[in-house]
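User: I would like to learn how to read a protein model. Could you take me through the features of one?

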Amino acid sequence: MDIGHLRHVRWVKDDDPKSQINDRPELKQNNKSAAQNRWIAYNKMRGQYASAMEHAAPEAFWVDKTKCSYTDENGRIQIPTLNPYAEGISAVKAIAIAQAEGQKIYTINKANAQMARQKLPTL
């Protein structure tokens, strides 16, 4: 199931650099306008949300928690005598699992590609 590849194109209402919403220093980076950085941040957030839905939607609809062991929202294991439930997977969930296990996560772009390649193990 591929829910995450939706393209949401949104335009900002206020592109005036003198406007108060565009005056925050963290929005003036990467040689882009504040409006462009707001648009980029919004689309990154939408992408992460869509990716999370790739594992959350199947889990919500097809897992019967009365017939399996699961961890509740407080981190407590419920019905530990039963087998664990089948989990869905998505890119953001895989990254979260890797991060929780202490694995190093890299964001690779053109500027750091060569350095990142040297740090990755060869197979």
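Analyst: We go from the whole chain to single residues. Keep in mind that this is a predicted model.

User: Where do I start? How many helices and strands does the chain have?

Analyst: Start with the secondary structure, which comes to three helices and two strands. Then read their order along the sequence, where the pattern is α-β-β-α-α.

User: What share of the residues counts as buried?

Analyst: A residue is called buried when its relative accessible area is under 20%. Here 25% of the 123 residues meet that description. The surface can be read as well: the chain exposes about 10200 Å², and carbon and sulfur atoms supply 55% of this area.

User: What do the contacts say about residues far apart in sequence?

Analyst: Take the contacts in the chain with a separation of 6 or more. Of these, 38% are between residues 24 or more positions apart.

User: Now a single residue. Is Glu59 buried or exposed?

Analyst: First place the residue: Glu59 belongs to helix 1, residues 34-62. Glu59 counts as buried because its relative accessible area is 15%, and the cut-off for buried is under 20%.

User: Which residues does Glu59 touch?

Analyst: Leave out residues up to four places away in sequence, and the list is Tyr85, Ala86, Glu87, Gly88 and Lys93. With Lys93 there is also a polar contact between the side chains, at 2.7 Å. Tyr85 appears in another feature too: Lys65 lies over the face of its ring, 5.8 Å from the ring centre.

User: Is Asn37, also a residue of helix 1, buried or exposed?

Analyst: Asn37 has a relative accessibility of 8%, so Asn37 is buried. Apart from neighbours within four places in sequence, Asn37 is in contact with Leu27, Lys28, Gln29, Asn30 and Lys32.

User: Where does Ile89 lie?

Analyst: Ile89 sits in the loop that runs between strand 2 (77-78) and helix 2 (91-100). Ile89 is exposed, because its relative accessible area is 54% and exposed means over 50%.

User: Which residues is Ile89 in contact with?

Analyst: An exposed residue can be checked for contacts in the usual way. Setting aside neighbours within four places in sequence, Ile89 is in contact with Glu54, His55, Ala94 and Ile97. Sequence distance and spatial distance are separate readings: Ile89 and Ala52 are 37 residues apart in sequence, and their C-alpha atoms are 8.5 Å apart in space.

Key. Residues are numbered from 1 along each chain as its sequence is written. This is a predicted model: local features need pLDDT of at least 70, side-chain atom pairs count only at pLDDT 80 or more; totals for chains, interfaces and linings use all residues. Side-chain values use heavy atoms; hydrogens and water are left out. Helices (H or I, at least four residues) and strands (E, at least two) are DSSP runs, numbered from the N terminus. Buried means under 20% relative accessible area, exposed over 50%, partly exposed in between (1.4 Å probe, protein chains only). Contact means heavy atoms within 4.5 Å. Accessible areas come from the Shrake-Rupley method with a 1.4 Å probe; for residues, only the protein chains shown count as cover. A charge sits over a ring if NZ of Lys or CZ of Arg is within 6 Å of the ring centre and within 35 degrees of the ring normal. A polar contact is a pair of N or O atoms within 3.5 Å; within protein, one must be able to donate a hydrogen and the other to accept it, and residues adjacent in sequence count only if both atoms are side-chain atoms.
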